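Biologist: Please take one part of this model and go through it closely, from a single buried position outwards to the packing and the charged pairs around it. I would like one connected account rather than a list.

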Amino acid sequence: MSIDNTMITLIARAHRWQQLLLQGVYASIEELADAEAINPSYVSRVMRLPCLAPEITEAILESQQPARLTAKELLALFLLDWVGQRAHFEPG
């Protein structure tokens with residue numbers, strides 16, 4: 001499988017935004033969205049990505065994710081518990 005730069009960028013962006021919020025650079029998702037000139041709804045969806053199970057994140061970074069796992073699928077509503085994520089995102 002080839003590198004999916006879109007998903008890698010989403011994961012990197014999510015972790016960067018998380019750090020900006022944790023460090024108090026921005027007080028809210030809305031403030032961050034304004035600063036980035038991005039829709040707050042999109043920021044909220046991206047901000048779930050640091051909650052991905054570590055092996056799912058690792059698979060994406062190593063281009064080993066299931067072929068059906070796309071950026072669109074990644075940004076869709078998903079379970080926050082890792083067991084549910086593994087079941088949802090596993091190949092099949």
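**A close look, starting from Leu10**

Modeller: Leu10 has its place in helix H1, which covers residues 5–22, and since this is a predicted model, what follows describes computed geometry. With a relative accessibility of 5%, Leu10 falls below the 20% cut-off and therefore counts as buried. Setting aside neighbours within four places in sequence, the residues in contact with Leu10 are Tyr42, Val46, Leu49, Ala71 and Leu75. The chain also brings Pro50 to this region: Leu10 and Pro50 are 40 residues apart along the chain, while their C-alpha atoms are separated by 10.0 Å.

One of the partners of Leu10, Leu49, leads on to the wider packing. Not counting residues up to four places away in sequence, Leu49 touches Leu10, Ile11, Ala14, Leu74, Leu75 and Phe78. Leu49 is also named, together with Leu52 and Ile60, among the residues with the most contacts inside the largest nonpolar core, a set of 23 residues. At least two residues of this core come from each of H1, H2, helix H3 (40–46), H4 and helix H5 (71–75), and H1, the helix that holds Leu10, gives the most, with 6 residues. As general background, nonpolar side chains in soluble globular proteins tend to be buried together.

From the core we can turn to the charged pairs, where the count comes to 3 salt bridges. Helix H1 takes part through Arg16, which forms a salt bridge with Glu36, the closest N and O atoms being 3.3 Å apart. This pair links distant parts of the chain, because Arg16 belongs to helix H1 and Glu36 to helix H2 (residues 29–36), 20 residues apart. Both ends count as partly exposed, Arg16 at 40% relative accessibility and Glu36 with a relative accessible area of 25%, whereas Leu10 in the helix of Arg16 is buried.

A second salt bridge joins Arg86 and Glu55, with the closest N and O atoms 2.0 Å apart. Arg86 lies in helix H6 and Glu55 in helix H4, so this pair ties together parts that are 31 residues apart in sequence. Here too the two residues are partly exposed, Arg86 at 33% relative accessibility and Glu55 with a relative accessible area of 36%.

The two helices joined by that pair can also be described as packed elements. In general, such a pair is characterised by the angle between the helix axes and the distance between them. For H4 (residues 54–61) and H6 (residues 82–89), the axes come within 9 Å and cross at roughly 40 degrees, which means that H4 is oblique to H6. H4 contributes Pro54, Glu55 and Ile56 to the contact, and H6 contributes Trp82, Gln85, Arg86 and Phe89. By character, these residues divide into 4 nonpolar, 1 polar and 2 charged, and the salt-bridge partners Glu55 and Arg86 are both listed in the contact.

The remaining salt bridge is formed by the side chains of Arg68 and Glu73, at 3.6 Å from N to O. Arg68 is partly exposed at 39% relative accessibility, and Glu73 is likewise partly exposed, with a relative accessible area of 22%.

Key: Residues numbered from 1 in each chain as written. Predicted model: local features only at pLDDT ≥ 70, side-chain atom pairs only at ≥ 80, totals over all residues. Heavy atoms only, no water. Axes fitted to C-alpha atoms, helices over the stretch in contact; angles between N-to-C directions. Helix = DSSP H or I, 4+ residues; strand = E, 2+ residues; numbered from the N terminus. Parallel < 35°, antiparallel > 145°, perpendicular 65-115°, else oblique. Contact = heavy atoms within 4.5 Å. Nonpolar A, V, L, I, M, F, W, Y, C, P; charged D, E, K, R; others polar. Buried < 20%, exposed > 50% of the residue type's maximum accessible area, 1.4 Å probe, protein only. Salt bridge = Lys/Arg side-chain N within 4 Å of Asp/Glu carboxyl O. Core = buried A, V, L, I, M, F, W, Y, C linked by side-chain atoms within 4.5 Å.
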